[in-house]
Amino acid sequence: MNADTVRSHSVRGQYAAGAVGGEIVRGYAEELGDTSDTETFVALKAFIDNWRWAGVPFYLRTGKRMPVRHSEILIRFKPVPHSIFGDGYGKGLEPNALIIRLQPDEYIRLLVMAKEPGLGGIQLREVGLDVSLTTAFAGERRRIAYERLLLDLLAGDPTLFVRRDEVEAQWQWVDSIIAGWREAGVKAASYAAGNWGPSSAIALIERDGASWYE
């Protein structure tokens, strides 16, 4: 990214005083005891420059003092260009979505449209097909992330490790964003603790006709 693209493809934020889980929390600057321009929230719109993902936007969002703490990936499939169902059929034909929850409770959920049972004609509703790893492996001992990595390190298995060139490529991209912010004078927007970030993060994705999954 550069000074031009960071204005339209990124959002910086810093949490102010608010409430998380029913508890009052102070803002970042109050906790620090001084003013700061350090971001505690980032939202990005990015692309992968290859033939497979050409034109497919990737929306990334991470932050502190948000309503819940979890990590997940949402893949929203393209909607069909024409629906065989007319208007007035329940919720309408929504595009399928695949949700991969990484933590804290690992699961995979495929959201598809299904006909509601009954005699009321065709009424469509979004339903989830769930694979809960926590439930499926309830009797198994779950290893924490670093325990697994340390065991792999002792065994000489690099499968789950990031290569040096990958790390360097990641930092090259991140550094370009930070440099773009500095050059463009992008300041961290304030958001109340317990919210999903600044309102500009909503505009970042909704201007493309999409929305964050919350």
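Q: Why is Ile-75 called partly exposed?
A: Ile-75 has a relative accessible area of 36%. Buried means under 20%, exposed means over 50%, and partly exposed is what lies in between (1.4 Å probe, protein chains only), so with 36% Ile-75 gets the middle label. A word on the ground rules: this is a predicted model, where local features need pLDDT of at least 70, side-chain atom pairs count only at pLDDT 80 or more, and totals for chains, interfaces and linings use all residues. Residues are numbered from 1 along each chain as its sequence is written, and side-chain values use heavy atoms, with hydrogens and water left out.

Q: What makes a nonpolar surface patch with Ile-75 in it?
A: Ile-75 teams up with Ile-73, Phe-77 and Leu-102, and the patch comes to about 330 Å². To join a patch, a residue needs over 30% relative accessible area and no salt bridge; nonpolar side chains (Val, Leu, Ile, Met, Phe, Trp, Tyr) are joined within 5 Å, like charges within 9 Å. The areas come from the Shrake-Rupley method with a 1.4 Å probe, and for residues only the protein chains shown count as cover. Ile-75, at 36%, passes the area cut-off.

Q: How do you know where strand β6, the home of Ile-75, begins and ends?
A: Ile-75 lies in β6, which runs 71-76. Helices (H or I, at least four residues) and strands (E, at least two) are DSSP runs, numbered from the N terminus.

Q: What makes the space that β6 helps to line a pocket?
A: On a 1 Å grid over the protein atoms alone, a pocket is an open set of points with protein on both sides within 12 Å along at least five of seven lines, whereas in a cavity a 1.4 Å probe fits but cannot get out. The largest pocket holds about 2,000 Å³ of space; grid points are joined across faces, edges and corners, and the volume is the space filled by probe spheres set on the points.

Q: Which residues count as its lining, and how do they split by class?
A: Lining residues have an atom within 4 Å of a point. The largest pocket has 50 of them, with Tyr-59, Leu-60, Arg-61, Glu-72 and Trp-212 nearest its centre. At least two lining residues come from each of β4 (41-46), β5 (58-63), β6 (71-76), β7 (97-103) and α5 (164-184). Ala, Val, Leu, Ile, Met, Phe, Trp, Tyr, Cys and Pro count as nonpolar, Asp, Glu, Lys and Arg as charged, and the others, Gly among them, as polar. On that scheme the lining has 31 nonpolar, nine polar and ten charged residues.

Q: Why is the contact between Lys-45 and Asp-208 called a salt bridge?
A: A side-chain nitrogen of Lys or Arg has to be within 4 Å of a carboxyl oxygen of Asp or Glu. The closest N and O atoms of this pair are 2.8 Å apart, so the label fits. Lys-45 lies in β4 and Asp-208 in the segment after α6 (199-206), so the bridge ties together parts 163 residues apart in sequence. The structure holds eleven salt bridges.

Q: Are the two partners, Lys-45 and Asp-208, buried or partly exposed?
A: Lys-45, at 14% relative accessibility, counts as buried. Asp-208, at 37%, counts as partly exposed.

Q: How do you know that Asp-130 and Arg-109 link distant parts of the chain?
A: They meet in a salt bridge (2.5 Å, N to O), with Asp-130 in β9 (residues 124-132) and Arg-109 in β8 (residues 107-115), 21 residues apart. Asp-130, at 48%, is partly exposed, and Arg-109, at 25%, is partly exposed too.

Q: What makes Arg-163 exposed while Glu-166, its salt-bridge partner, is partly exposed?
A: Arg-163 has 51% relative accessibility and counts as exposed, while Glu-166, at 33%, counts as partly exposed. Their closest N and O atoms are 4.0 Å apart. Elsewhere, Arg-12, Asp-37 and Glu-39 are joined into one network by salt bridges that share partners.

Q: What is the peptide bond from Gln-103 to Pro-104 called, and where does Pro-104 sit?
A: The bond is cis, with omega near 5 degrees. Pro-104 sits in the loop between β7 and β8.

Q: What stands out about phi of Arg-65?
A: Phi is near 55 degrees, a positive value in a residue other than glycine. Arg-65 lies in the loop between β5 and β6 and, at 32% relative accessibility, counts as partly exposed.
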